[in-house]
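User: Please take a close look at one aromatic residue in this chain and its ring partner. I would like the surroundings described too.

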Amino acid sequence: MSSPALQTQLLSKRYRRVWALRDCSLTVAPGRVVALVGPNGAGKTTLLHAAAGLLTPTSGTVRVFAEVPGTPPALSTVAFVAQDKPLYDSFTVAQLVRMARGLNRQWDRALAARRLAALEIPLRRRAGRLSGGQQSQVAFTLAVAKRPRLLLLDEPLANLDPLARTDFMRELMGTVAANGTTVVLSSHAISDLVGTCDWLVVLNRGQVQVSGDIDELLGAHHALSGPAADRLPDTVAVITRTESGRQAHHLVRGTAPVADPRWTSRPVGLEELVLGYLREPDAAALPGPALTTIEGGG
């Protein structure tokens with residue numbers, strides 16, 4: 001049985017009096033494309049930095065393919081693109097490529113050249129004179145040309161226009177398909193993750209609130225709408241409740257039918273699921289009771 005691509009156990013990181021991560025435990029299987037989402041300050045960047053070996057945990061453990069991040073065995077398998085896309089501003093793109101080639105044993109020269117040419121990024125231009133979107137594309141190119149087993153991306157879509165976002169995600173999926181790369185992608189643009197990611201991790205208050213296969217999570221939740229004056233039975237696992245006029249809308253966990261005609265049920269999408277849990281930080285997507293059938297009343 002292969003080792004998890006990323007595994008944390010009670011991982012915690014404290015900055016003075018503030019806990020960025022607190023008892024964070026998760027397991028990511030090889031080959032997954034993970035959507036890492038959560039509010040600002042939830043610990044997403046801290047988790048990625050820990051996985052990349054850029055910080056020392058206060059307590060707990062983190063492993064990438066069973067190796068300690070930051071050690072030579074781990075460094076050869078992990079590539080990380082930080083949110084601020086750090087590049088040497090005074091280096092030309094060609095110099096950045098040569099440096100990356102010298103630092104990585106598995107460097108794919110053809111892939112880097114082909115991608116930069118397709119993006120029409122001038123090799124003689126200094127990194128500091130590139131647009132924000134071009135810098136993002138160069139940083140991503142340097143990462144994927146390393147041929148990593150685990151690719152960590154912190155807000156990679158932030159500086160890209162809608163067309164570039166679509167092209168980026170298509171290129172990312174091509175990389176996954178060609179190499180079996182495991183990807184952990186942090187993003188606030190949940191809609192961009194639909195159809196790309198197959199595993200969801202929701203961080204909230206420095207802890208894992210939700211972790212699971214996206215299709216299974218969507219299949220285990222649905223939305224219920226009905227009279228605001230009526231309350232659902234206590235046996236119904238309600239994640240969130242909002243009201244609009246005389247109507248109440250619920251995100252619920254469970255799949256049993258609703259027999260009461262006053263209540264309507266429909267599937268939920270990824271964004272609705274994520275936002276529902278973020279609105280209720282204490283709710284967790286744990287296995288729960290099936291939704292009790294709600295019968296019509298007299």
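Analyst: Phe-168 has a relative accessible area of 3%, so this residue is buried, the cut-off being under 20%. The model is a predicted one. Phe-168 lies in helix H6, which covers residues 162–179.

A search of the whole structure gives two aromatic pairs. In one of them, the ring centres of Phe-168 and Phe-140 are 4.4 Å apart, and the planes meet at 50°, so the pair is classed as tilted. Tilted is the class left when the planes are neither under 30 degrees apart, which would be stacked, nor over 60, which would be edge-to-face. The partner, Phe-140, belongs to helix H5 (residues 132–144), and the two residues are 28 positions apart, so the pair links distant parts of the chain. Phe-140 is also buried, because its relative accessibility is 1%.

As for the surroundings, the chain as a whole has eight helices and 13 strands. Of its 298 residues, 47% are buried. Among contacts with a separation of 6 or more, 70% join residues at least 24 positions apart. The C-alpha atoms fill a box of roughly 75 × 40 × 40 Å along the principal axes.

Aromatic rings elsewhere in the chain have charged neighbours. The charged end of Arg-22 sits over the ring of Trp-19, 4.2 Å from the ring centre. Lys-13 places its charged end over the ring of Tyr-15, at 5.4 Å from the centre.

Conventions:
Residues are numbered from 1 along each chain as its sequence is written. This is a predicted model: local features need pLDDT of at least 70, side-chain atom pairs count only at pLDDT 80 or more; totals for chains, interfaces and linings use all residues. Side-chain values use heavy atoms; hydrogens and water are left out. Helices (H or I, at least four residues) and strands (E, at least two) are DSSP runs, numbered from the N terminus. Buried means under 20% relative accessible area, exposed over 50%, partly exposed in between (1.4 Å probe, protein chains only). Contact means heavy atoms within 4.5 Å. Rings of Phe, Tyr and Trp (its six-membered ring) pair if their centres lie within 6.5 Å; planes under 30 degrees apart count as stacked, over 60 as edge-to-face and the rest as tilted. A charge sits over a ring if NZ of Lys or CZ of Arg is within 6 Å of the ring centre and within 35 degrees of the ring normal.
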